[in-house]
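User: Hi! I'd like to understand the wording used for this model. Could you take me through it term by term?

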Amino acid sequence: MNDVSPAHRLFPGAPESPVLLHVPHGSRVIPAAVREGIVLDDGALERELDHITDAHTDLIAERAAGRAGATPWRFVNRLSRLVVDPERFPDEREEMLAVGMGAVYTRTTHREALRPDGFDGRPLVDAYFVPYAAAMTDAVAQRLEAAGRAVVVDVHSYPCERLPYELHGDGPRPPICLGSDPFHTPPELLGLAEEAFAGFGGTGVNSPFGGTYVPLEYYGKDPRVTALMIEIRRNVYMTEPGGPAGPGLEELAAALARFVDAATKAI
């Protein structure tokens with residue numbers, strides 16, 4: 001049950017819990033063989049990782065899991081999204097291809113070259129994206145079998161100031177942005193999140209980032225799989241960009257735990 005892949009890990013929760021905390025963008029780790037295909041020098045790469053990594057979100061999820069009444073399951077990406085981004089569509093459906101940030105990024109957050117022109121990302125998709133998607137699909141299937149439903153909670157963060165790669169960054173940037181999906185996010189689930197995170201100065205929906213992650217096997221097909229993305233504005237809990245966490249981290253963990261408890265009991 002405990003996935004020990006070097007690329008991702010499933011941390012077990014309570015057998016009866018339907019909640020799966022998903023942390024896809026919290027790591028800075030890039031395998032040496034993948035690093036060879038990135039054109040940035042070491043300093044530029046570190047700066048890019050500062051901007052692109054959802055720093056400390058793995059810790060927020062871990063602390064929340066420890067506080068929750070029924071421990072949620074946690075699926076954590078142990079590699080940087082600069083290896084592959086497991087939340088992108090792996091084909092032409094992905095709108096972020098327009099800025100070189102599909103499943104395999106070829107451009108940086110500032111729209112500069114990350115990989116060479118003509119880079120073939122298919123080997124990375126085969127080596128990392130496909131196994132990750134299969135493991136996440138299996139994790140959701142386990143929750144469906146054990147609890148009769150699955151609640152996927154994406155844990156992300158985003159910068160105070162819009163970065164050049166953002167396609168929809170001209171809207172509000174609230175302390176907590178809640179990403180929803182018309183099929184997989186029932187109003188009740190959204191309402192529970194709005195209540196749990198009300199103490200951080202305001203919540204918004206689908207701005208500056210929208211939608212939420214559901215494995216493609218279930219996406220738009222199985223209403224037993226509900227999902228919500230939680231995007232935390234980084235100045236709420238850390239020093240930007242890429243700096244240390246502050247006291248806001250524990251407050252966020254407590255809020256996430258309240259949401260987990262409410263989602264476990266409701267919907």
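Analyst: Happy to, starting with one residue: N77 counts as buried, because its relative accessibility is 5% and buried means under 20% relative accessible area, exposed over 50%, partly exposed in between (1.4 Å probe, protein chains only). This is a predicted model, where local features need pLDDT of at least 70, side-chain atom pairs count only at pLDDT 80 or more, and totals for chains, interfaces and linings use all residues. Residues are numbered from 1 along each chain as its sequence is written, and side-chain values use heavy atoms, leaving out hydrogens and water.

User: What makes the approach of the N77 side chain to the backbone oxygen of P24 a polar contact?

Analyst: The distance is 2.9 Å, and a polar contact is a pair of N or O atoms within 3.5 Å; within protein, one must be able to donate a hydrogen and the other to accept it, and residues adjacent in sequence count only if both atoms are side-chain atoms. A polar atom of the N77 side chain also lies 3.1 Å from the backbone nitrogen of L79.

User: Which buried residues does helix α3 have, and why are they said to be on the same side?

Analyst: In α3 (residues 57–67), they are T57, I60, A61, A64 and A65. They cover an arc of only 130° around the axis, which puts them on the same side of α3; the arc is that of the directions from the helix axis to the C-beta atoms.

User: What covers them?

Analyst: The cover of the buried α3 residues includes β2 (19–23), β3 (73–77), β4, β7 and α6 (248–265). N77 itself is found in β3.

Methods:
Helix = DSSP H or I, 4+ residues; strand = E, 2+ residues; numbered from the N terminus. Contact = heavy atoms within 4.5 Å.
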